[in-house]
Amino acid sequence: MRILLTGGAGYIGSHIAVLLLGLGHEVTIYDNLSNSDRSVLGRISKIAGKTPDFFDADVNDSDVLEGVLRNQNIESVIHLAGLKAVGESVSYPLEYFKNNVSGIISLLGAMNRANVKSLIFSSSATVYGNPSYLPLDEEHPTCAVNPYGRTKLHCEEILSDIANSDSSWRISSLRYFNPVGAHDSGLLGDNPSGKPNNLAPYLMRVAAGTLDHVVIFGDDYETLDGTGVRDYIHVVDVAEGHCAALTELGDRELPFNVFNLGTGYGHSVFQMLAAFENVSTIKIPYIVGPRRPGDVASCFASTEKATEFLGWAAKKTLKDMCLSAWNFQKNRSF
Ligand code: NAD
Ligand code: UD1
């Protein structure tokens with residue numbers, strides 16, 4: 001199959017590209033490189049032994065997108081392109097609505113015109129807001145608590161409406177929990193520019209000595225050790241979830257569906273810190289600070305629906321996540 005990956009040069013998209021190329025699919029990456037760089041293409045090629053086609057362009061340029069869809073004979077799209085930092089979305093909401101919401105409208109218009117109606121969308125567990133029960137299944141009410149979350153919810157609503165209006169669409173929205181880890185080669189991983197917002201890359205940089213210490217955002221939650229609990233999932237498992245979702249999309253009747261991509265298990269901040277210390281054999285200094293506004297105590301997925309319909313389940317352990325992330329951190333000389 002010929003698949004277009006918008007945002008395919010990013011953290012998750014690059015891992016999906018490697019897997020799809022390995023499965024014999026043809027991959028076109030469409031990315032404006034606003035949060036990635038061209039060198040990732042060479043690294044994808046090095047791992048996969050094949051080079052994806054690449055377009056340096058913005059998803060808001062609907063005509064360019066339409067041309068790429070037509071000229072490359074695209075059959076399915078995986079839409080990862082977008083902005084993802086919660087704090088930044090609070091300061092610059094319009095940028096988030098432009099990239100994430102206008103972006104998907106532009107994409108859907110181009111797909112409609114080019115008659116490509118098979119789409120997988122990168123959504124987030126953030127659409128569940130503050131959990132009213134755990135584990136979070138796909139029936140849990142949705143509620144966005146920040147502009148980033150609102151963009152993901154708006155996108156899901158738009159996708160549901162499009163699918164309702166035209167039953168020839170096949171769309172899956174995948175709600176990722178907390179993707180961490182890296183490719184085993186050490187060539188692909190999470191490499192945020194500036195100070196990381198998320199826990200795993202922050203721990204890596206402290207272990208590597210580029211940051212002094214981690215601030216733990218609160219140790220007074222009602223959890224096993226007082227720190228926040230999240231469902232960390234290996235990025236390669238997330239990528240495999242997309243391959244399973246692509247297969248399922250081709251076989252099903254329902255125009256729109258949503259699936260969680262998580263492991264079903266939660267780990268606390270202290271457990272993550274200990275796991276990273278174990279694999280790196282480096283003591284990671286930390287201080288306990290106040291809670292981060294908007295954080296919830298615990299968040300983890302019900303994985304039943306993905307297992308039943310996609311035939312997919314996460315396989316990798318917390319140790320695999322930490323080892324691969326550390327390997328990527330040590331290898332970061334490219
Ligand atoms: P990333 O920033 O590494 O990758 C996103 C890519 O999209 C980047 O390469 C960037 O250059 C590109 N991009 C951004 N805006 C664009 C635009 N307007 N036009 C073209 N390209 C554009 O992020 P990621 O972690 O790989 O996340 C991919 C998707 O998954 C995002 O939509 C994100 O919201 C979603 N998601 C990520 C996480 C996570 O923890 N990483 C969790 C839940 C959901
Ligand atoms: C965050 C976003 C979420 C987004 C996800 C992936 C918020 C409120 N949520 O999820 O919408 O989909 O990233 O991009 O930002 N922690 C620390 N110290 C740190 C960093 C984090 O103690 O320096 C703690 C947090 O309080 C949390 C856990 O580590 O308990 C995980 O945090 P993080 O990696 O930022 O992910 P989420 O908050 O789950």
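A disulfide is a pair of cysteine sulfur atoms within 2.5 Å, and that cut-off is what the first close-up turns on. The model shown in these views is a predicted one.

**View 1. Cys 155, a cysteine without a bonded partner.** The cysteine sulfur closest to that of Cys 155 belongs to Cys 143, and because the two sit 17 Å apart, they are too far from each other for a bond. Cys 155 itself is tucked away: its relative accessible area is 1%, so it counts as buried.

**View 2. Cys 322, another sulfur with no bond.** Here the closest cysteine sulfur is in Cys 299, at 18 Å, which is again too far for a bond. Cys 322 is buried too, with a relative accessible area of 0%. Searching the whole structure turns up 0 disulfides.

**View 3. Asp 220 and Arg 291, a salt bridge between distant parts of the chain.** The closest N and O atoms of this pair are 3.0 Å apart. Asp 220 comes from the loop between strand 8 (214-217) and strand 9 (229-230), while Arg 291 comes from the loop between strand 13 (286-289) and strand 14 (298-299), so the partners are 71 residues apart. Arg 291 is partly exposed, at 44% relative accessibility.

**View 4. Lys 283 and Glu 277, an exposed residue paired with a buried one.** The salt bridge here has its closest N and O atoms 3.6 Å apart. On one side, Lys 283 is exposed, with a relative accessible area of 69%. On the other, Glu 277 is buried, at 15%.

**View 5. Asp 295 and Arg 292, two partly exposed partners.** Their side chains meet in a salt bridge, with N to O at 3.1 Å. Asp 295 has 23% relative accessibility, and Arg 292 has 35%.

**View 6. A network of salt bridges.** Instead of a single pair, look for four linked residues: Asp 63, Glu 66, Arg 70 and Arg 113. Side chains of opposite charge can pair when their charged atoms come close. Over the whole structure, the search finds 14 salt bridges.

**View 7. The second largest pocket.** This pocket holds about 160 Å³ of space. Its lining is made up of 14 residues, and Thr 263, Tyr 265, Ala 314, Lys 316 and Met 321 are the ones that lie nearest its centre. Sorted by class, the lining has 6 nonpolar, 6 polar and 2 charged residues.

Methods
Residues numbered from 1 in each chain as written. Chains lettered and ligands numbered in written order. Predicted model: local features only at pLDDT ≥ 70, side-chain atom pairs only at ≥ 80, totals over all residues. Heavy atoms only, no water. Buried < 20%, exposed > 50% of the residue type's maximum accessible area, 1.4 Å probe, protein only. 1 Å grid on protein atoms, 1.4 Å probe; cavity = no way out; pocket = protein on both sides within 12 Å on 5 of 7 lines; lining within 4 Å. Points joined across faces, edges and corners; volume = space filled by probe spheres on them. Nonpolar A, V, L, I, M, F, W, Y, C, P; charged D, E, K, R; others polar. Helix = DSSP H or I, 4+ residues; strand = E, 2+ residues; numbered from the N terminus.
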